[in-house]
Amino acid sequence: MDLTIALDNNSAIPLYQQIYTELRQAILTGRLQPNQQIPSTRWLAKSLGISRSTVSQSYEQLFSEGYLQTKTGSGTFVSEKLPDDLLITQPIKSKYQSTSPQVELSTYGNNVKSANLSITYSDLPISFNYGRPALDRFPLKLWRKLLSRHCESNLDLLDYSLEPRGHQPLREAIASYLSCSRAVQCSPEQVIITSGSQQAINLVTRLFINPGDTIALEEPCYQGARNIFQAQGAKLIPVEVDTSGLIVEQLANISPVKLIYVTPSHQFPTGAVLSLPRRLELLRWAKETGAIIIEDDYDSEYRYSSRPIPALQGLDHHHSVIYMGTFSKVLFPSLRIGYLVVPENLQSIFTRAKWLCDRQSPLIEQQVLTDFINEGHLARHIRKMRNLYNQRRQALVAALKQYLAEKVTILGENAGIHLTITLKTNFSDREAIDRAAQVGVGLTSLSKYYLQAKNQGEFLLGYSELDELQIKEGIRRLALIF
Ligand SMILES: Cc1ncc(COP(=O)(O)O)c(C=O)c1O
């Protein structure tokens with residue numbers, strides 16, 4: 001039998017446990033085979049020079065866990081079927097893909113199946129990716145301190161909440177933050193905490209859209225929203241965008257529209273800001289047609305030159321606007337905390353829908369975020385990040401002007417954490433991306449955000465994660481190939 005047990009008398013680990021570990025290891029690595037007899041406790045105790053009860057204690061543990069079995073009158077053996085085998089599940093792929101019959105999906109399920117969910121981040125040395133804030137600047141230590149404050153004794157935060165809309169103090173903090181910074185008119189009762197904007201858009205869609213209903217959306221448009229609308233079976237009507245945002249007058253030619261999804265403060269992805277006259281025109285149209293407006297205010301915290309235009313919601317006097325925001329860009333995306341501000345008459349239905357969806361959002365994170373806002377850390381963090389992004393943005397605009405002045409038009413540089421460029425080139429977008437990759441630069445084409453028109457030569461440049469030197473170098477490299 002291939003079994004040597006070396007005991008360490010000076011170890012803090014009790015002897016019986018050392019024997020247990022050695023034997024279990026021998027069984028798992030095949031040095032002791034199933035059905036193989038193992039030494040008697042008497043023999044092993046004698047050969048190790050320890051008491052028999054110590055050896056018995058380790059054998060008992062192995063018996064109770066199923067590694068050993070006795071055969072009456074013959075001694076102790078390694079079990080035929082080991083417990084670890086029983087714990088190993090079949091990989092999902094072979095279990096469900098090859099052997100089980102196809103399960104019939106619902107219409108929604110089939111729509112989900114064909115949704116394009118690919119979110120790709122380039123990992124080239126200089127990648128103008130969009131979507132993530134500068135995570136390395138997040139005050140993690142402070143967050144940890146706030147987190148541990150609430151992880152010590154507050155058992156209520158571990159419990160189910162009686163308020164699906166979200167933690168009351170957080171809803172109060174958000175309502176006051178939005179009224180000061182975005183001129184949103186709301187009471188805490190109108191605020192529903194969601195798992196990011198994604199859940200917010202999902203809830204609105206499920207509550208108002210039947211398959212076949214018409215949704216108007218900006219062309220180009222945020223894919224995360226478009227995917228939800230398509231999965232719900234909505235008929236999508238793209239409405240063009242220019243340098244002043246959505247061309248509202250085009251809505252007159254579409255009827256009837258149940259819902260329109262817009263990003264007025266920084267159109268995604270072009271970066272255009274919806275002008276005030278168009279905001280008023282959009283609200284007038286919604287009042288006349290009864291359409292619901294979803295206002296996605298995803299990165300409104302970052303404005304660099306002009307004064308912010310008030311949120312559509314604050315200009316609305318007819319309950320047409322459902323406003324939403326997220327902490328994914330100002331804090332970090334895995335926090336998964338966003339919010340809806342719904343008209344008073346819709347509070348109850350949204351609260352019920354949120355309950356059905358996931359009962360509530362996690363309470364500890366909501367409480368930590370409440371402290372983060374109320375103790376002034378959010379305002380400080382936004383100020384700091386706005387300065388940082390402003391420097392990065394200026395470096396990007398300056399580099400574009402220095403190296404590619406003749407070839408690019410810049411749009412949307414006064415807000416957010418990305419801008420877009422139109423690049424004069426004879427290359428297709430695919431070729432342009434491949435050529436940029438060859439010089440270590442990651443680019444994103446805008447074409448995937450279009451539903452119909454696939455404009456060529458438009459690119460999104462995210463600058464939140466790159467420092468000024470990287471930005472300048474990235475654009476210098478692009479100038480060599482375009
Ligand atoms: C237009 C738009 N809305 C919302 C979001 C954020 O979504 P979430 O809050 O689900 O992270 C993004 C993220 O990229 C976005 O581009």
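1. Let me start with the seam between domain 2 and domain 3: across that interface the rule finds zero salt bridges. Bear in mind as you read that this is a predicted model. What the interface does have is polar contacts, with 18 residue pairs found across it, both partners at pLDDT 80 or more. On the domain 2 side, strand S5 (214-219), helix H10 (223-231) and strand S6 (235-242) each supply at least two of the residues that touch domain 3. H10 gives the most, with three residues. By type, the residues on this side of domain 2 divide into 14 nonpolar, ten polar and seven charged.

2. How much area do domain 2 and domain 3 bury between them? The figure is about 2500 Å², and 60% of it sits on carbon and sulfur atoms.

3. Now for the layout behind that interface. The domain assignment gives domain 1 as 15-86, domain 2 as 155-377 and domain 3 as 380-481. For the pair in contact, 31 residues come from domain 2 and 26 residues from domain 3. The C-alpha centres of domain 2 and domain 3 are 27 Å apart.

4. Salt bridges do turn up in the structure, eleven of them. One to look at pairs Arg132 with Glu465, where the closest N and O atoms are 3.0 Å apart. Arg132 is in the loop between strand S3 (126-127) and helix H7 (140-151), while Glu465 is in the loop between strand S16 (458-462) and helix H17 (468-481), so this pair ties together parts that are 333 residues apart in sequence.

5. On to the ligand. Which residues come nearest, out of the 13 around the ligand? They are Tyr130, Ser197, Asp296, Thr326 and Ser328.

6. Three polar approaches to ligand oxygen atoms are worth checking by eye. Gln198 uses its backbone: an N or O atom there lies 3.1 Å from an oxygen atom of the ligand. Lys329 uses its side chain, with a polar atom 2.9 Å from a ligand oxygen. Arg336 also comes in by its side chain, where an N or O atom is 2.8 Å from an oxygen atom of the ligand.

7. Have a look at the cis peptides too. Ser255 and Pro256 are joined by a cis bond with omega at about -15°, and Pro256 lies in the loop between strand S7 (245-246) and strand S8 (259-262). Going from Phe268 to Pro269, the peptide bond is cis as well, with omega near 5°. Pro269 has its place in the loop between S8 and helix H11 (276-289).

8. One last backbone detail: where is Asn35? Asn35 is in the loop between helix H1 (15-28) and helix H2 (41-48). I'd point to its phi, near 75°, which is a positive value in a residue other than glycine.

Notes:
Residues numbered from 1 in each chain as written. Predicted model: local features only at pLDDT ≥ 70, side-chain atom pairs only at ≥ 80, totals over all residues. Heavy atoms only, no water. Domains from an automatic or database assignment. Contact = heavy atoms within 4.5 Å. Buried area = accessible area lost by both parts, 1.4 Å probe. Salt bridge = Lys/Arg side-chain N within 4 Å of Asp/Glu carboxyl O. Polar contact = N/O pair within 3.5 Å; in protein donor to acceptor, adjacent residues only side chain to side chain. Helix = DSSP H or I, 4+ residues; strand = E, 2+ residues; numbered from the N terminus. Nonpolar A, V, L, I, M, F, W, Y, C, P; charged D, E, K, R; others polar. Near = heavy atom within 4 Å.
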